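Here's a walk through the side-chain contacts and helix packing of one chain. Have the structure open and follow along.

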Amino acid sequence: YRDARGHIHLTDKPMSGMTLLKRFSLSTGRQTNSSNRRGSSGSVLAAMFKRRDVLAPLIETAAVQHKLRPELVHAVVRAESAYRADAKSHKGAVGLMQLMPATAKRYGVVDRRDPAQNLLGGSEYLRDLLEMFDNDLQLALAAYNAGENAVIRYGRKIPPYNETQGYVRKVIRFYNDMIGRDQIALH
């Protein structure tokens, strides 16, 4: 809800005198009418995981070819597109790894919507960024999101952009979830 002063309030109970912004429902696993409703968070996640499972062999191939952990490529794909090959950003990035036209051209990707091409090009770009930033995962991810020149311009640090800082945290969280918290050492 948004109150008269413009402040946002999150609640699980109806509030009067405020403007309802969005209603969310989460699947608890219990069988109720609302948990079976199409479009619920549970079904959205289930659909994403189904797409993940279908794409896993292509992700494995791209990761191995570019000497990356498949879990890292999975984390980037989940953050970038939620495993949707038809994803398109408002900035013009397309596909599973959200390649911009110039990046796609640089890495020989002719059809950015083609899952195999997109994964190969995006994985090669991620490998190059890791090499460019001395295998510092956080800087490579920041560069993947904001561009390598932004990371360089800010003294080889994560740029002070909310989107980029949130992106780095999100991808690392997805990566940690896939490999286990104790197996990753961040710089």
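Let's start with Arg-52, which is partly exposed, its relative accessible area coming to 25%. This is a predicted model, so take every value here as computed from predicted coordinates. The side chain of Arg-52 meets that of Asp-53 in a salt bridge, with 3.1 Å from N to O. Asp-53 has a relative accessible area of 49% and also counts as partly exposed, because the partly exposed class runs up to 50%.

**Salt bridges**

How many salt bridges does a search of the whole structure find? The search turns up five. Three of them are set out here, including the one just described.

| Salt bridge | Closest N to O distance |
|---|---|
| Arg-52 and Asp-53 | 3.1 Å |
| Arg-69 and Glu-71 | 3.5 Å |
| Arg-106 and Glu-148 | 3.1 Å |

In the Arg-69 and Glu-71 bridge, Arg-69 is partly exposed at a relative accessible area of 35%. Glu-71 is partly exposed too, with 22%. Since buried means under 20%, Glu-71 at 22% doesn't make it into that class.

Arg-106 and Glu-148 are worth a look because this pair links distant parts of the chain, with the two positions 42 residues apart. Arg-106 belongs to helix 3, while Glu-148 sits in helix 6, which covers residues 148-153. Is each partner buried or partly exposed? Arg-106 has 47% relative accessibility and is partly exposed. Glu-148, on the other hand, has 13% relative accessibility and counts as buried, because that value falls under the 20% cut-off.

Helix 6 also holds Val-151. This residue is buried, with a relative accessible area of 0%. Its C-alpha atom lies 8.7 Å from that of Ala-140, and the two residues are 11 apart along the chain.

**Aromatic rings**

Now for the rings. A pair of aromatic rings is described by the distance of the centres and the angle of the planes. Across the whole structure, a search finds three aromatic pairs. One of them joins Tyr-107 and Tyr-125, whose ring centres are 5.6 Å apart and whose planes make an angle of 50°. That pair is tilted, because 50° is neither under 30 degrees (stacked) nor over 60 (edge-to-face). Tyr-107 lies in the loop between helix 3 (101-106) and helix 4 (115-132), and Tyr-125 is in helix 4. The two tyrosines are 18 residues apart, and their pair links distant parts of the chain. Both Tyr-107 and Tyr-125 are buried.

Tyr-154 and Tyr-161 make another of the aromatic pairs, with 5.8 Å from centre to centre and 90° between the planes. This one is edge-to-face, because its angle is over 60 degrees. Tyr-154 is partly exposed at 36% relative accessibility. Tyr-161 is partly exposed as well, with a relative accessible area of 30%.

Which residues do ring pairs link into a cluster? The cluster takes in Tyr-107, Tyr-125 and Tyr-144.

There's also a charge-on-ring contact to find: the charged end of Arg-78 sits over the ring of Phe-174, 4.1 Å from the ring centre.

**Helix packing**

Zooming out, the chain has seven helices and zero strands. Reading from the N terminus, the order of elements is α-α-α-α-α-α-α. The chain has 187 residues, and 37% of them are buried.

Helix 2 features in both of the packings described here. Helix 2 covers residues 70-81 and helix 7 covers residues 162-179; their axes come within 8 Å and cross at roughly 135°. Helix 2 is therefore oblique to helix 7, because an angle of roughly 135° lies outside the perpendicular range of 65 to 115 and isn't over 145. The crossing of helix 2 and helix 7 is right-handed.

What is the angle at which helix 2 and helix 4 pack? It is about 110°, and the axes of helix 2 and helix 4 are 11 Å apart. So helix 2 is roughly perpendicular to helix 4, because about 110° falls between 65 and 115. Helix 2 and helix 4 also make a right-handed crossing.

Key. Residues are numbered from 1 along each chain as its sequence is written. This is a predicted model: local features need pLDDT of at least 70, side-chain atom pairs count only at pLDDT 80 or more; totals for chains, interfaces and linings use all residues. Side-chain values use heavy atoms; hydrogens and water are left out. Rings of Phe, Tyr and Trp (its six-membered ring) pair if their centres lie within 6.5 Å; planes under 30 degrees apart count as stacked, over 60 as edge-to-face and the rest as tilted. Helices (H or I, at least four residues) and strands (E, at least two) are DSSP runs, numbered from the N terminus. Buried means under 20% relative accessible area, exposed over 50%, partly exposed in between (1.4 Å probe, protein chains only). A charge sits over a ring if NZ of Lys or CZ of Arg is within 6 Å of the ring centre and within 35 degrees of the ring normal. A salt bridge is a side-chain nitrogen of Lys or Arg within 4 Å of a carboxyl oxygen of Asp or Glu. Axes are lines fitted to C-alpha atoms, for helices over the stretch in contact, and angles run from 0 to 180 degrees between N-to-C directions. Angles under 35 degrees count as roughly parallel, over 145 as roughly antiparallel, 65 to 115 as roughly perpendicular and the rest as oblique. A crossing is left-handed if the near helix is turned anticlockwise from the far one by less than a right angle, and right-handed if clockwise.
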